[in-house]
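Q: Could you take me on a close look at one part of this protein, starting from a single side chain and working outward through whatever surrounds it? I would enjoy a connected walk rather than a list.

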Amino acid sequence: MKDARPCSIADTLALVGEKYSLLVLREVSLGATRFDQLVRNIGAPRDVLTARLKRLVDAGVLEKVEYSDRPKRYEYRPTQAGLELDPVLMTLMAWGDRHLQEGGFRPMVLEHICGNELVPQVVCRECGKEVEHDDLTAHPQSPGWTATGPAAA
């Protein structure tokens with residue numbers, strides 16, 4: 001049997017798909033950058049949160065910055081790679097608002113710099129058109145794979 005499909009989604013989930021990792025990124029994005037804030041806002045056990053933070057720092061998604069020398073204390077800030085996950089978080093939030101919340105309730109609303117509520121959408125960088133599923137054609141780049149699975153031997 002062949003290995004699983006080579007996939008950037010799988011690789012990304014291996015990093016940020018662990019329980020609490022995306023919530024860490026949510027909190028840091030909202031400005032909660034200190035460990036005690038993260039524990040309070042996420043509700044993760046301290047040891048698990050410590051492991052997630054270490055993994056995200058080691059992967060270059062967050063940076064650990066000292067903010068107090070006595071006692072030594074650190075905060076976590078997003079790197080460029082971490083900031084590039086913001087659209088993923090916004091899109092997940094919008095999907096959850098549409099499909100998981102009752103009666104139109106939304107736990108958080110984001111305001112864009114233009115003063116309007118942000119409604120995230122994915123658009124093509126070249127033509128500016130909103131991306132819809134039926135507009136896409138997959139072109140696998142990994143040898144031995146087609147869009148639907150392993151190539152016939």
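A: Leu56 is a good place to start: in this predicted model, setting aside residues within four places in sequence, Leu56 is in contact with Leu15, Val16, Ser21, Val24, Leu25, Val61 and Leu62. Several of these names come back when we look at the largest nonpolar core, which has 19 residues. Those that touch the most other members are Val24, Leu25, Leu49, Leu53, Leu56 and Leu62. At least two residues of this core come from each of helix H1 (8–16), H2, helix H3 (35–42) and helix H4 (46–58). H3 gives the largest share, with four residues. As a general background, nonpolar side chains in soluble globular proteins tend to be buried together.

Now let's see how the helices around Leu56 meet. H2 packs against H4 at an angle of about 75 degrees, and their axes are 10 Å apart. H2 and H4 are therefore roughly perpendicular to each other. On the H2 side the contact is made by Ser21, Val24 and Leu25, and on the H4 side by Leu49, Arg52, Leu53 and Leu56. By residue type, this contact of H2 with H4 divides into five nonpolar, one polar and one charged.

H2 has a second helix partner to visit. Helix H2 (residues 21–30) and helix H6 (residues 86–99) pack at about 105 degrees, with axes 10 Å apart. That angle makes H2 roughly perpendicular to H6. Here Leu22, Leu25, Arg26 and Ser29 of H2 meet Asp86, Leu89 and Leu92 of H6. The residues in the contact of H2 with H6 divide into four nonpolar, one polar and two charged. Leu25 is named in the contact with H4 and again in the contact with H6.

Staying on H2, what surrounds Glu27? Glu27 is found in helix H2 and touches Ala32, Leu38, Asn41 and Ile42, not counting residues up to four places away in sequence. Glu27 counts as buried because its relative accessible area is 7%, and the cut-off for buried is under 20%.

The loops on either side of H2 deserve a stop too. Tyr20 lies in the loop between H1 and H2, and its backbone has a positive phi of about 85 degrees although Tyr20 is not a glycine. For context, most residues other than glycine have a negative phi. Tyr20 is buried, with a relative accessible area of 17%. Thr33 lies in the loop between H2 and H3 and, at 13% relative accessibility, also counts as buried. Leaving out residues up to four places away in sequence, Thr33 touches Val28, Leu38, Glu75 and Tyr76. Leu38 is a contact of Thr33 and also of Glu27. For a sense of scale, Thr33 and Thr146 are 113 residues apart in sequence and 43 Å apart in space, C-alpha to C-alpha.

Glu75 and Tyr76 lead us on to the strands. Lys64 has its place in strand E1 (residues 62–69), and beyond residues up to four places away in sequence it touches Val57, Tyr74, Glu75 and Tyr76. So Glu75 and Tyr76 are contacts of Lys64 as well as of Thr33. With a relative accessible area of 44%, Lys64 is partly exposed. Lys64 and Thr79 are 15 residues apart in sequence, and their C-alpha atoms are 9.9 Å apart.

Between the strands there is a backbone feature to check on your screen. Pro71 is found in the loop between E1 and strand E2 (72–78), and a cis peptide bond joins Arg70 and Pro71, with omega about -10 degrees. In general, most peptide bonds are trans.

Finally, a word on the cysteines, in case you are thinking about bonds between them. A search of the whole structure finds zero disulfides. For Cys124, the closest cysteine sulfur is in Cys127, 3.9 Å away, which is too far for a bond because a disulfide needs the two sulfurs within 2.5 Å. Cys124 is partly exposed, with a relative accessible area of 30%, while Cys114 is exposed at 51%.

Terms used: Residues numbered from 1 in each chain as written. Predicted model: local features only at pLDDT ≥ 70, side-chain atom pairs only at ≥ 80, totals over all residues. Heavy atoms only, no water. Buried < 20%, exposed > 50% of the residue type's maximum accessible area, 1.4 Å probe, protein only. Axes fitted to C-alpha atoms, helices over the stretch in contact; angles between N-to-C directions. Parallel < 35°, antiparallel > 145°, perpendicular 65-115°, else oblique. Contact = heavy atoms within 4.5 Å. Nonpolar A, V, L, I, M, F, W, Y, C, P; charged D, E, K, R; others polar. Core = buried A, V, L, I, M, F, W, Y, C linked by side-chain atoms within 4.5 Å.
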